[in-house]
Amino acid sequence: MNPANAPSALDPLYPLREFLADMTRLVSRTDSEPELLAQARPLLARLLAQPDWLPDAYAHAEPGIYRQYLLYCDPLERFSVVSFVWGPGASTPVHDHMVWGLVGVLKGAEVCCEFELDGPDRVRPTTIDHVLRQGMIEAVSPTVGDWHQVRNALSDTDSVSIHVYGGNIGSVRRHRVDPATGQVLDFISGYTSEHLPNLWDRSAAVRAVST
Ligand code: FE2
């Protein structure tokens with residue numbers, strides 16, 4: 001390995017860049033959802049096990065609010081990676097994804113409940129609430145189960161999870177449940193962030209390697 005492109009305190013985004021490189025190789029190798037879910041899981045687990053790589057700008061939300069920060073999107077939109085941040089007390093609506101995805105907790109803990117369609121425009125829960133803690137990963141997709149609701153398990157601090165999806169998730173037409181009426185509605189989430197992390201300024205690490 002080029003010593004200027006190796007894990008280094010001077011290159012805090014190395015773990016994310018390594019994950020993205022491996023994901024790019026994976027989606028270039030297969031478009032089989034079972035293979036993608038199985039083979040992406042250990043890559044995400046390795047990313048979750050590494051501390052302090054997520055910039056602060058992508059790791060905060062206000063109380064009662066959740067934020068979805070785009071960290072990267074594959075140029076061919078074969079996958080995207082987001083940091084999803086729940087402020088204290090924040091909860092998503094019940095929603096689906098319409099593409100495969102892996103959800104892994106980076107910091108804190110999240111409470112998840114899964115649902116399924118119950119008729120054309122209603123959903124019903126299929127699990128009781130369960131807690132996802134740091135390092136735990138769950139899969140979603142229309143094949144393996146696509147509907148859930150997720151909330152911060154902690155009342156006094158943010159919780160952060162890293163999600164990888166089989167598409168440009170912020171631009172996917174999806175569905176959510178209107179909490180007031182229980183009706184299933186279309187939505188397209190977009191992203192909270194207008195800027196992405198600068199993955200490519202490795203200059204400090206390069207300067208530190210003697211020639
Ligand atoms: Fe979700």
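This passage describes the strands, aromatic pairs, iron site, cysteines and selected backbone angles of a predicted model.

The main sheet is considered first. Five strands make up an open sheet, arranged in the order β1-β2-β9-β3-β7 with antiparallel pairing. The edge positions are taken by β1 (66-73) and β7 (137-140); each has a single partner strand, so one side of each is left without a neighbour in the sheet. On average, and with direction ignored, neighbouring strands of this sheet are turned by 25° against each other. The contact between β7 and the rest of the sheet is made through strand β3 (residues 101-107), as these two strands pair in the antiparallel sense over four bridges. Within this pairing, G104 stands opposite I137 of β7. Helix α2 (residues 33-48) packs on the sheet, where it touches β3, β7 and β9 (159-165). The direction of α2 makes about 15° with that of β3.

A separate antiparallel pairing joins strand β10 (residues 174-177) to strand β11 (residues 184-187), again over four bridges. Here R174 has F187 of β11 as its bridge partner. The hairpin of β10 and β11 has six residues between the strands, and among them G182 adopts a positive phi near 80°.

Aromatic contacts were examined next. In general, a pair of aromatic rings is described by the distance of the centres and the angle of the planes. The structure holds four aromatic pairs. In one of them, the ring centres of Y66 and F84 are 5.5 Å apart and the planes lie at 20°; the pair is therefore stacked, as the angle is under 30 degrees. This pair links distant parts of the chain, with Y66 in strand β1 and F84 in strand β2 (residues 80-86), 18 residues apart. The two partners differ in their accessibility: Y66 is partly exposed at 33% relative accessibility, whereas F84 is buried at 7%. Another aromatic pair, that of Y72 and F79, is tilted, with 5.8 Å from centre to centre and 40° between the planes. Both Y72 and F79 are buried. Ring pairs also connect Y66, F84 and W86 into a cluster.

The iron ion has three histidines as its protein donors. These are H95, H97 and H148, each through its NE2 atom, lying 2.1 Å from the ion. Along the chain, the donors follow the spacing H-x1-H-x50-H. The pair of H97 and H148 links distant parts of the chain: H97 belongs to the loop between β2 and β3, while H148 is in strand β8 (residues 147-152), 51 residues apart. H97 is buried, with a relative accessible area of 1%. H148 also counts as buried, at 7% relative accessibility.

The loop between β2 and β3 that holds H97 also contains M98. Although M98 is not a glycine, its phi is positive, at about 70°. M98 counts as partly exposed because its relative accessibility is 39%, in contrast to the buried H97. A second positive phi in a residue other than glycine occurs at E77, where the value is near 55°. E77 is placed in the loop between β1 and β2, and with a relative accessible area of 43% this residue is partly exposed.

Finally, the cysteines were considered. The structure holds zero disulfides. For C112, the closest cysteine sulfur is that of C113, and the 7.1 Å between the two is too far for a bond, since a disulfide requires sulfur atoms within 2.5 Å. The relation holds in the other direction as well, because the closest cysteine sulfur to that of C113 is in C112. Both residues lie in the interior by their accessibility: C112 is buried at 1%, and C113 is buried at 8%.

How values were computed: Residues are numbered from 1 along each chain as its sequence is written. This is a predicted model: local features need pLDDT of at least 70, side-chain atom pairs count only at pLDDT 80 or more; totals for chains, interfaces and linings use all residues. Side-chain values use heavy atoms; hydrogens and water are left out. Two strands pair if DSSP finds at least two bridges between them. Axes are lines fitted to C-alpha atoms, for helices over the stretch in contact, and angles run from 0 to 180 degrees between N-to-C directions. Contact means heavy atoms within 4.5 Å. Rings of Phe, Tyr and Trp (its six-membered ring) pair if their centres lie within 6.5 Å; planes under 30 degrees apart count as stacked, over 60 as edge-to-face and the rest as tilted. Buried means under 20% relative accessible area, exposed over 50%, partly exposed in between (1.4 Å probe, protein chains only). Donors are N, O and S atoms within 2.8 Å of the metal (3.2 Å for Na, K and Ca); water is not among the atoms, so sites may look incomplete.
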